[in-house]
Amino acid sequence: MSDLKQRIEAMYQRDLIIVYAFVIGLWFAVIFVMVVTWNLAPEGPWRTILMIGGAAVLLFNTASMSALVKHYKEDKDFIYGLDIKHLDEMRGHRH
């Protein structure tokens with residue numbers, strides 16, 4: 001594998017780790033807030049509305065991150081290749 005391909009794959013894998021960490025952190029945060037504030041929420045349909053809202057945030061953010069990962073995987077040579085080109089150019093100007 002060429003050096004460029006290795007660098008592209010390394011950047012892609014690093015971004016995947018960040019995406020997964022963000023999604024897992026978001027799930028933990030929303031569930032934690034729901035558990036901790038459950039008794040503060042008004043009784044009745046308000047709790048259901050709050051649960052649906054929290055579930056929607058989790059669903060849409062998870063779906064958007066999945067779409068991002070899919071797009072990056074499909075176009076990673078272009079996306080990361082361009083990033084690497086610009087990073088290499090910036091390094092050349094500094095030295």
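Helices here are DSSP runs of at least four residues, numbered from the N terminus. The model is predicted.

**Exercise 1. Place lysine 76 and decide whether it is buried or exposed.**

Step 1. Lysine 76 lies in helix 3.
Step 2. The cut-off for buried is under 20% relative accessible area.
Step 3. Lysine 76 has 17% relative accessibility, so it counts as buried.
Step 4. Look at the neighbours. Leaving out residues up to four places away in sequence, lysine 76 touches Ile8, Glu9, Tyr12 and Gly81.

**Exercise 2. Check the length of helix 2 against its expected span.**

Step 1. Helix 2 covers residues 45-74, which is 30 residues.
Step 2. The expected span is 1.5 Å times one less than the number of residues. For helix 2 that gives 44 Å.
Step 3. The end C-alpha atoms of helix 2 are 43 Å apart, which agrees.

**Exercise 3. Work out how helix 1 and helix 2 are arranged, and which residues meet.**

Step 1. The two helix axes come within 11 Å. They cross at roughly 175°.
Step 2. Angles over 145 degrees count as roughly antiparallel. Helix 1 is therefore roughly antiparallel to helix 2.
Step 3. List the contacts. From helix 1, the residues that meet helix 2 include Asp15, Phe22, Leu26, Trp27 and Val30. On the helix 2 side, Met51, Asn61, Thr62, Leu68 and Tyr72 are among them.
Step 4. Turn to burial. Arg47, Gly54, Leu58, Met65 and Val69 are buried in helix 2. Helix 1 (3-37) is among the elements covering these buried residues.

**Exercise 4. Describe the largest nonpolar core and say which helix gives the most to it.**

Step 1. Ten residues form this core: Ile8, Met11, Tyr12, Leu16, Val19, Val23, Met65, Val69, Tyr80 and Ile84.
Step 2. Helix 1, helix 2 and helix 3 (76-94) each give two or more residues to the core.
Step 3. Helix 1 gives the most, with six residues.
Step 4. Zoom in on one member. Valine 69 touches Tyr12, Leu16 and Val19, apart from residues up to four places away in sequence.
Step 5. Set this in context. In soluble globular proteins, nonpolar side chains tend to be buried together.

**Exercise 5. Find the polar partner of the arginine 47 side chain.**

Step 1. Arginine 47 lies in helix 2.
Step 2. Its relative accessible area is 13%, so arginine 47 is buried.
Step 3. The side chain of arginine 47 makes a polar contact with the side chain of glutamate 43, at 3.2 Å.
Step 4. Add the other contacts. With residues up to four places away in sequence not counted, arginine 47 touches Trp38, Asn39, Ala41 and Pro42.

**Exercise 6. Classify methionine 34, methionine 90 and alanine 56, then give a C-alpha separation for each.**

Step 1. Methionine 34 is in helix 1. At 28% relative accessibility, methionine 34 is partly exposed.
Step 2. Methionine 90 belongs to helix 3. With a relative accessible area of 45%, methionine 90 is partly exposed.
Step 3. Methionine 34 and methionine 90 are 56 residues apart in sequence. Their C-alpha atoms are 45 Å apart in space.
Step 4. Methionine 90 and arginine 14 are 76 residues apart in sequence and 21 Å apart in space, C-alpha to C-alpha.
Step 5. Alanine 56 sits in helix 2. Its relative accessibility is 26%, so alanine 56 counts as partly exposed.
Step 6. Alanine 56 and alanine 10 are 46 residues apart along the chain, and 32 Å separates their C-alpha atoms.

Definitions and conventions. Residues numbered from 1 in each chain as written. Predicted model: local features only at pLDDT ≥ 70, side-chain atom pairs only at ≥ 80, totals over all residues. Heavy atoms only, no water. Buried < 20%, exposed > 50% of the residue type's maximum accessible area, 1.4 Å probe, protein only. Contact = heavy atoms within 4.5 Å. Core = buried A, V, L, I, M, F, W, Y, C linked by side-chain atoms within 4.5 Å. Polar contact = N/O pair within 3.5 Å; in protein donor to acceptor, adjacent residues only side chain to side chain. Axes fitted to C-alpha atoms, helices over the stretch in contact; angles between N-to-C directions. Parallel < 35°, antiparallel > 145°, perpendicular 65-115°, else oblique.
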